[in-house]
Structures are given as structure tokens and as C-alpha cells.
Amino acid sequence: MNYLYTNRRSVGIFGGLLLLILFSCCGIGRAAAQQQGAEQRITLSMRDTAISDILENITKRYQYAFITRTANVDTNARVSIDVVDEPLRAVLDRIFAGQEVAFEFDGRLVRISKAAVPPPSSASTIAVSGVVRDGSGNPLAGVTVMVAGTYKGVTTDNDGRYALRVDGEASVLQFLYLGYKNVEETVGKRTTIDVAMEEDLKMVDEVVVIGYGTQSRKTLTTSISKIDGDKLYGAPVSTVGDALKGKVAGLRVATNSSLSGEAPRFLIRGGSSINMGNDPIYIVDGALRDDLSGVNPNDIESMEVLKDAASAAIYGARASNGVIIVTTKKGSPSQGPQVVFDVQVGFSAPTKKWDLLSSREQIALVRPAIANIYAKSTGTLAASSWLDGANVAVGTGNTSNRNQFTTRYLEYGGTVPDGYEWMFDPLDNSKVIIFTDTDFQDQWMSEAFWQKEYIGVNGGSDRMSYAASISYLDDGGVFAMSDYDVFTTHGNASFKITKSLEASTTFDISRQRSSKFVDNYFNAFGRGIMFAPTARGFDEEVGWMSSGGNANAQLASFYEAFYDREAATDRISSTFNLKWRIIDGLTATAQYNYYGNNYRGSYYARGEVDGYPNLISQTRSTTETRTQTVRDTFTAHLAFNRTFADKHTVGATLGYELMSQRYWYLTSNSTGSASDDVPILDSGINFKASNKDEKQALMSLFGRVSYDFAQKYIVSATFRYDGSSKFAKGNQWGFFPAASAAWVISEEPFFEGVRRTMNNLKLRVSYGQTGNNGIGLYDTYGAFATGQYNGHTTFLPSAMQNADMQWESTTQLDVGLDVGFLNDRVRFIFDYYNKKTDNMLFSITMPDTGPYSSVKANVGSARFYGFEAELNAEVIRTKNFSWNLGLTYSYNRNKVLSLPEEYAYDEVDMYGNPTGRKAYRIGGYKMSETGYRFGGTAVGESLGRIYGYKIDHIIQTEAEADAAYYDALS
């Protein structure tokens with residue numbers, strides 16, 4: 001007995017080890033086979049696809065397993081299939097048309113073997129042949145031609161021709177081809193039967209993951225974008241976010257830093273808050289994650305971005321900024337083990353460097369400028385002190401190796417030293433200046449090696465399925481001391497326990513490590529590249545030299561020598577799921593997830609290296625930081641879905657969720673060690689430490705009801721009732737409802753005339769409310785900090801209590817249009833949204849007279865609005881090549897609508913004239929001369945506006961400079 005896909009090799013020892021891990025972790029017992037007949041109703045639409053891949057698709061969607069008993073069944077043949085709600089046996093007859101195979105059903109296990117069909121007598125059969133064409137007269141290759149009620153069948157060749165024998169004149173030929181309407185012809189007395197097939201312009205039913213369930217794209221009433229995992233697989237990136245850029249309309253993926261491994265920030269439709277959390281929530285295989293760090297792009301089956309309130313409201317309190325759902329790849333029950341091995345190597349380099357002055361250009365420009373500007377100055381500001389002095393970038397007095405710069409005159413008869421250049425002094429052509437020319441950007445940015453290895457194994461049988469992978473990525477980093485590496489391992493398994501009970505488990509483990517030599521790369525890098533090209537930077541007699549006397553302006557090599565810093569994060573997510581099919585259409589699901597995040601930060605600053613002192617600090621500071629987050633989540637829900645009278649589909653979901661989280665933080669520092677030989681905390685003499693221990697919980701009820709009539713008129717409603725420990729008693733619970741509807745216009749009879757070109761036209765509208773609880777644990781309760789007074793420990797208030805703080809809620813309207821052309825080869829999606837956030841959470845600055853600098857409060861409302869468009873086209877689709885084109889466009893705007901009355905003031909214009917209007921503003925600036933106020937957060941203005949002077953023009957001549965106005969007295 002052989003499994004299907006015999007052309008794929010067994011995984012051997014490695015696959016066995018991964019399977020052993022899965023079995024050991026999950027305690028797998030033997031599962032009983034489900035008893036499912038051959039009458040299972042199947043809906044399937046696939047074009048020019050290998051039979052093995054079609055069976056794999058059936059396996060994933062309907063949990064069947066297929067095995068062959070002989071080698072005479074061709075599973076590599078390519079066929080097309082398009083069926084809706086047909087029995088599995090009939091579907092298999094179409095798939096294997098022409099091979100004369102037999103099927104043996106044993107529950108969900110299907111054995112496929114060569115049928116023992118006696119050869120028909122030629123005297124009692126009729127030879128039939130013909131050509132199959134499309135509506136334009138072009139021949140169709142690959143059309144399945146079957147004799148109804150038998151195993152007999154063939155496929156048309158490249159010219160659309162077919163030939164076969166039938167048992168008699170009453171035989172009926174069936175012509176089947178994906179994207180075309182089925183044709184049946186009774187043979188009668190004909191021996192040549194030519195057929196013209198008509199296109200069937202109906203939508204391919206794509207499955208989309210929604211909150212606590214799935215739904216077909218055709219009946220979707222909300223704004224959800226889907227990205228298939230094959231668009232992310234193999235991308236030469238270190239994070240999932242980098243692979244998502246530009247692929248989803250309305251989703252902004254912003255990278256705050258170009259350092260390797262830095263997790264990008266996701267912003268859906270411009271966010272919804274002023275300065276609280278604007279990040280979406282992340283759901284990976286049904287479990288909440290802090291971000292997508294540690295998720296391997298190669299393990300992703302699909303990603304859904306829930307953008308409007310109706311799709312996200314079922315996640316309630318945390319969903320005002322949208323939801324990103326990640327579904328990882330699962331094993332296929334229909335195949336034996338298979339291995340995927342992916343290796344990528346490459347180099348990364350800075351795309352551009354600053355075009356800085358060379359030493360020659362700097363000397364030619366700056367020396368004449370100094371001579372002109374300081375011509376009349378005396379003392380230390382005299383021109384000669386700059387031009388002839390030492391430790392000046394263009395001065396000629398740098399005659400010692402201890403001087404910071406290399407510019408000096410070449411002695412008469414001397415030779416230019418190795419590594420130096422020369423030029424005539426622009427102020428005196430009789431003299432020669434020698435100098436070095438160094439572009440210090442090269443110390444900070446350089447080419448880096450990048451590598452990624454991935455091994456995955458998956459497979460299954462009629463009783464279970466599994467998938468597992470392991471991956472390692474190493475990125476040397478373009479910036480100095482920014483190397484990054486990550487190790488990930490992923491696994492999942494699903495088991496049939498009884499006919500109606502299924503268990504599954506998933507685990508993800510990742511380990512990230514990075515080197516970050518300073519807290520602020522901008523300061524270190526910005527100062528480092530400001531070194532004049534004539535600077536020494538380092539001399540063996542002196543050591544490292546600062547730029548311009550600023551101790552914090554150092555070369556990259558200085559930081560590499562004196563600082564050791566490593567940041568490591570270990571994440572683990574483990575899920576156990578039970579699914580019970582109570583009756584047909586009613587399913588109960590219970591899931592437990594454990595999520596752990598452990599961070600370790602280690603930092604040490606050496607006092608000296610090879611006898612050279614640390615020019616920034618010689619305290620030998622040692623810091624160790626540890627954090628741990630543990631989150632337990634239990635979810636249980638009932639789901640019902642049934643179709644009545646072939647047209648009325650009713651769905652309902654009701655669930656409960658409980659999340660408990662605990663966070664520990666510990667940091668300690670010591671200084672004053674006498675030596676760099678033992679870089680640990682105990683070696684210091686000055687020691688300090690602090691820690692935190694925080695707890696929070698969230699309890700929720702959620703539900704959804706939906707109804708659709710003939711996949712034409714669809715309505716849906718959701719709710720979530722959340723209780724958060726972050727808020728004080730009386731404000732802990734929030735209710736978040738939503739509703740949506742859709743009209744599939746293309747299903748109307750009056751649309752029949754244009755369906756050949758525009759096969760899908762759907763209008764959507766949704767309205768709902770979501771919440772945001774992105775505040776600190778003690779913003780409502782207040783907090784105290786410890787201190788010291790006269791040798792005694794004291795407790796001082798550090799955070800002001802605000803028990804009246806409420807949920808920040810966002811109400812959103814979304815109107816969308818989905819259009820499909822040419823059987824969905826071209827898809828266009830348009831959405832307009834308008835959302836209003838009330839009870840905005842904001843940190844308000846307190847007067848200096850009190851003990852608190854700020855307090856969190858609900859301060860007003862804001863509007864976020866815009867539109868987004870998405871175009872996807874399958875430009876070329878052939879047997880061995882395809883080309884897809886995707887375009888996205890987003891337009892986002894926001895405006896503050898209201899602020900509390902205590903922020904009102906009488907408005908004046910920029911000249912100090914009263915406008916007679918009342919204005920509202922938090923923070924910002926006030927002009928002392930006129931009283932005009934700008935900046936901060938103000939009613940009628942956008943959030944995050946940046947203010948600056950407008951440029952009138954650039955002064956080009958001396959005359960313009962003399963005539964320019966510099967102040968009121970000019």
C-alpha cells in the first residue's frame with residue numbers, strides 16, 4: 001500500500017524526530033476513524049491542477065484521507081473541477097475521468113485502486129469523437145468528457161479534440177471545465193459531437209478568517225483584507241511586517257529604525273487615539289500576541305486585516321485600532337511526510353550615504369571663509385588663531401600626533417607621508433598643506449552578510465495531521481554593532497479522537513538576540529559622522545580622540561571597544577484546542593493558550609581598553625535587566641451554521657473568554673569596579689535596584705448572528721461585553737456592538753446581461769463600536785514610589801488617582817464596494833470610512849504647584865476619516881507561469897472635535913487681535929509678544945501637526961544679505 005504523492009520522499013530520521021516531539025508533547029493516543037459516507041457534499045473550484053493537489057485541497061477542507069493501493073492511478077494528471085454541493089463520490093468520478101478507478105470508503109479514509117472493468121464488446125459500443133470550443137470558437141484543452149453514470153471519460157487535447165466509446169445510443173456525454181457551464185449531450189445516432197461551452201461567470205468562493213470563525217468572501221459584509229502566505233514565503237526580510245509593506249490598503253507599516261530585527265509598527269486607518277495605544281491587536285492561531293516578532297513568514301498560511309468596526313467589534317475593548325489575524329500552516333491528512341528546505345543568503349548595504357565635503361573641499365572652502373569673517377577680530381578670535389592653530393579642522397598647527405586633526409604645512413624639501421594628500425594653501429599658493437581624507441560614514445555603515453535557513457515537515461493520515469518547522473536567521477546589520485539573529489520553531493498537530501471530537505495543539509518558540517551598543521543610535525551616529533574628514537579619530541600613542549572636544553562624539557570603533565550590550569527575548573506560545581461537533585451544524589470549541597515573554601538585557605561599559613581610557617565615563621557601569629510576561633487565556637464558544645430550503649443560511653456564535661496576565665520587572669546597576677576583568681554586578685561598590693510586579697485581567701462575553709438569503713442579501717450583527725481590571729469600580733465594563741449588511745447585486749436577474757464581463761458586484765455597509773483600554777495599570781488607581789529621608793524608607797505619591805476614567809470608544813461607519821471582472825481575474829475593492837473616538841485617553845500636564853506632573857483622563861473626541869482602494873489583477877495565467885499585479889491606495893485624515901471646558905481660552909490671531917471666538921487647546925506654545933497660541937492638541941486641528949517657519953527664499957548674494965531683515969530693528 002502506498003500513500004499518494006509517491007514522488008515526494010520520506011523525511012527519514014529528521015522527520016521522525018519532529019514527529020516524536022509532537023507525539024511526546026501532546027500525549028497522542030490512537031484516534032478512532034470517523035464514519036463518514038461517500039455522500040459528503042463537496043464544493044470545489046480548481047483549474048488546471050494536479051489531481052494530487054486537488055485531493056490535498058479536499059483533505060484540508062473536509063478532513064478526508066486518500067491512499068492508493070496500486071501504482072496504476074495517475075495522481076499527477078492535471079484536470080479542472082468546478083462543483084457546488086455535490087457528493088464526494090460524484091466529485092471523484094469527475095476527477096479521475098478516463099482512468100477507470102474504483103473507490104472504497106471507510107469513514108473518512110478513501111482507498112483508490114484500478115477498477116476491474118471487463119473490456120466492452122466492440123460490436124455493442126459506439127465510437128464518438130469531436131471538438132470542444134469556447135464561445136469564441138477557440139479550442140479548449142483539458143475539458144473532462146465523461147459518460148454519465150460510468151467511470152469512462154477522457155480529457156481534450158491541445159486542439160480541443162476527444163474520442164471515446166459509449167455503450168449505446170442512450171448514453172449521455174458530460175462536458176466539464178472550470179469556469180464554464182456544464183454541458184450534457186445524448187449520443188443518439190451521432191458519431192461526431194462538437195460542443196461550444198459557455199463561460200460561467202460566478203465568483204470563486206474564497207474563505208476568509210474572521211473573529212472566532214471563518215466566512216466565504218462572497219458573503220462577507222465587512223472590510224477585511226486577506227494576504228495569502230505564498231506572498232510572504234521566501235521574502236528576504238527579518239520580520240513579518242517588512243514582508244507586508246504595500247500589500248494591504250489602509251495598513252501602514254512603519255519602521256522606526258533601520259536596525260536589523262526591529263519590529264515595525266502597524267497602523268490601520270490612521271489609528272483612533274491621541275497618545276494611547278494605536279497598535280492593532282495580533283491574533284496568531286486564535287491566541288493573543290504582543291506583536292508579530294518571532295513569527296516566521298514561511299509558516300504563515302494566511303493573514304487577515306480586520307479594518308472596520310463590524311469585523312473587529314467581536315474583539316471589543318482592544319480592537320479600536322483594528323485586528324491582524326495570522327493563521328499558520330497545518331499538516332495535510334492526505335499525505336505522508338514531506339520536507340521543505342529553504343536556504344537564502346545575501347548581502348545588504350546602505351542605499352545611499354551623505355555627500356559630505358572631502359578634506360580638500362573643506363580646506364578650500366573654510367580657510368578663506370575664516371580669513372574673511374575674522375579679519376578684524378583679535379585675541380582668541382583672531383583669524384590667525386584659527387588658521388595657524390592646533391586642534392582646528394583646517395588649521396596648520398596640527399604638528400603633533402596628539403592633535404585631533406592632521407592638517408599642517410609640509411616642510412620645505414619634505415615628502416608627503418603615506419596615507420596623506422596635499423594641496424596648495426588657498427590663502428598662500430607658496431605653501432603646501434598636507435592632510436588625511438577619511439569618510440567616517442564607512443565606520444558606521446557597511447555591507448553586511450544575511451542568511452536564513454528553514455526546514456519544515458508536514459503530513460498526516462486519516463487519524464491525524466501535523467506540521468513542524470525550524471528556522472534560523474542571521475543578519476550582520478548595515479549599521480555598526482547592529483547584528484541580529486533569531487531562532488524559531490513551530491509545530492501543530494490535529495487528532496481525531498472520536499467521530500465528533502477533535503483535538504489540536506500548537507506551539508511557537510522563538511529566541512531573538514541583538515546587539516545595541518547605545519540607547520540612542522541617532523545621537524551616537526549623528527555625532528560620529530560629524531567628524532571632520534581631516535580628523536585622526538584614533539592614534540596608537542593617544543588612543544581615541546573626540547570630535548571638537550565633545551566627549552560623546554566618538555567613532556564607531558570606540559563604542560565597539562568599550563561597550564558590551566546584548567538584548568535577548570525568548571517567546572513561547574502554546575495552545576490546546578478541543579472541538580466537539582454536537583449535531584450537524586452545531587459545534588462547541590474550547591481553547592487554552594499559554595503565552596510567555598522573557599527579556600534579558602545585559603550592559604557593561606569598560607573603563608579602559610589596552611591602556612586607553614574611556615573618554616565618556618570610567619565608572620565601569622554594569623546593568624542587568626530582566627522582564628517576564630505570562631498570559632493565560634481561556635476561550636469557549638458555540639457556533640451554529642445551517643442552510644434551510646437551499647436559500648436561507650443562519651449562523652450564530654456565542655462565547656466566553658478570560659485573560660489573566662502577570663508582569664515582572666527587575667533591573668539592577670553597579671558602578672565603581674576597580675577592574676574590567678570581572679564585568680558583573682558584584683564587582684561594583686555602588687549598587688541600586690528596582691522591580692515591579694503587575695497583574696491584570698480581562699473577562700469577556702461575545703456573540704455574532706448572521707443571515708443570508710441565496711448569497712444575495714446578507715446581514716450580520718456582533719457584540720462584545722468586556723470587563724477590565726485596569727479601570728476602577730463602576731467603569732470596568734464596556735459594551736461594544738456592531739452591525740453590517742451586504743447586497744450582492746450581481747446575483748440579481750437584471751444583472752445577467754453584464755455578468756460575462758463583470759461577474760461580481762457587491763455593496764457593503766457596516767456600523768459599530770470598539771474600545772481601547774491602552775492605559776497603564778495604575779492610571780486609575782494611582783501609585784506610590786519609595787524614597788529615602790534621614791536614613792528611613794518613605795512612600796511618596798507618584799501617579800495621581802482618577803477613578804472616573806472611562807473606556808475610550810470608537811464608533812465607525814464603513815461603506816464598501818467589491819467588483820470582480822472576467823471571472824475575478826481583476827478585482828477592485830473600495831472603502832470609505834468615518835470613525836469618531838469619544839472619551840479620548842490623554843495625559844494632561846498638571847500645575848507645578850502639585851506633586852504630580854501629569855494625570856491620565858478622558859479629554860474629548862476626534863474624527864478619523866478617509867478612503868482606500870485596492871486593485872488586484874491576474875495579468876498572465878498559464879500552466880507554468882503566472883503574473884499578478886496589486887495596487888493599493890489609502891487616504892487618511894483626522895481632526896480634533898472637542899476638548900473639556902477647562903482648556904478653553906479667548907482666541908487671538910498671530911498679530912494679537914481678538915477673533916471673538918473661543919478656542920480649546922492642550923499644550924502647545926504661546927507667543928509672548930502677541931499671545932497667539934499654536935501647537936499641542938486643539939479643536940479643529942489635526943493630531944500630530946508639526947510647526948515650523950516657512951522659507952521665503954535663500955539669500956544668494958552679498959547685497960541680499962545686507963538688505964535682509966534679521967529682527968524688528970533691521
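A charge sits over a ring if NZ of Lys or CZ of Arg is within 6 Å of the ring centre and within 35 degrees of the ring normal. Keep that in mind for the first stop. One more thing before you click: this is a predicted model.

**Stop 1: charges over rings**

Select Lys692 and Tyr665. Lys692 lies over the face of Tyr665, 5.6 Å from the ring centre. Now jump to Arg863 and Tyr865. Here Arg863 lies over the face of Tyr865, and the distance to the ring centre is 3.9 Å.

**Stop 2: rings that pair up**

A pair of aromatic rings is described by the distance of the centres and the angle of the planes. The count in this model comes to 34 aromatic pairs. Start with Tyr374 and Trp386, a stacked pair with 5.6 Å centre to centre and 20° between the planes. Tyr374 is in the loop between helix H6 (359–373) and helix H7 (383–387), while Trp386 is in helix H7, twelve residues apart. Are these two rings buried, or partly exposed? Tyr374 counts as partly exposed because its relative accessibility is 25%, and Trp386 counts as partly exposed at 30%.

Next, pick Trp444 and Phe525. Their ring centres are 5.8 Å apart and their planes are at 75°, so this pair is edge-to-face. Trp444 belongs to helix H8 (residues 441–444) and Phe525 to helix H9 (residues 521–528), so you have to look 81 residues apart along the chain. Both Trp444 and Phe525 are buried.

Keep those two selected and add some neighbours. Trp444 and Phe525 are part of one aromatic cluster, whose other members include Trp354, Phe479, Phe538, Trp544 and Tyr612.

**Stop 3: a patch on the surface**

Colour Tyr713, Trp743, Phe750, Leu763, Val765, Tyr767, Leu813, Val815 and Tyr832. Together they make a nonpolar surface patch of about 810 Å². Two elements give two or more residues to the nonpolar patch: strand E42 (758–772) and strand E45 (808–821). Which element gives the most to the nonpolar patch? That is E42, with three residues.

While you are here, zoom in on Trp743, which is found in strand E41 (residues 733–744). Trp743 counts as partly exposed because its relative accessibility is 32%.

**Stop 4: two helices**

Go to helix H2 (residues 51–62). At 1.5 Å a residue, its twelve residues should span 16 Å, and the end C-alpha atoms are 16 Å apart, which agrees. Try showing the side chains of H2: the buried residues include Ile51, Ile54, Leu55, Ile58 and Tyr62. Just after H2 comes Gln63, whose phi is positive, near 60°.

Then move on to helix H3 (residues 88–95). H3 is mostly covered, with six of its eight residues buried. Those buried residues are Leu88, Val91, Leu92, Asp93, Arg94 and Ile95.

**Stop 5: positive phi in loops**

Most residues other than glycine have a negative phi. With that in mind, select Met481, whose phi is positive, near 55°. Met481 lies in the loop between strand E28 (464–475) and strand E29 (484–496). Is Met481 buried or exposed? Met481 is buried, with a relative accessible area of 15%.

Finish at Gln711, in the loop between strand E39 (686–709) and strand E40 (713–724). Phi of Gln711 is positive too, near 50°. Gln711 is partly exposed, with a relative accessible area of 31%.

Definitions and conventions
Residues numbered from 1 in each chain as written. Predicted model: local features only at pLDDT ≥ 70, side-chain atom pairs only at ≥ 80, totals over all residues. Heavy atoms only, no water. Patch = residues over 30% accessible without salt bridge, like charges linked within 9 Å, V, L, I, M, F, W, Y side chains within 5 Å. Areas by Shrake-Rupley, 256 points an atom, 1.4 Å probe, with all protein chains shown as cover. Salt bridge = Lys/Arg side-chain N within 4 Å of Asp/Glu carboxyl O. Helix = DSSP H or I, 4+ residues; strand = E, 2+ residues; numbered from the N terminus. Buried < 20%, exposed > 50% of the residue type's maximum accessible area, 1.4 Å probe, protein only. Phe/Tyr/Trp six-rings, centres within 6.5 Å; stacked < 30°, edge-to-face > 60°. Expected span 1.5 Å × (residues − 1).
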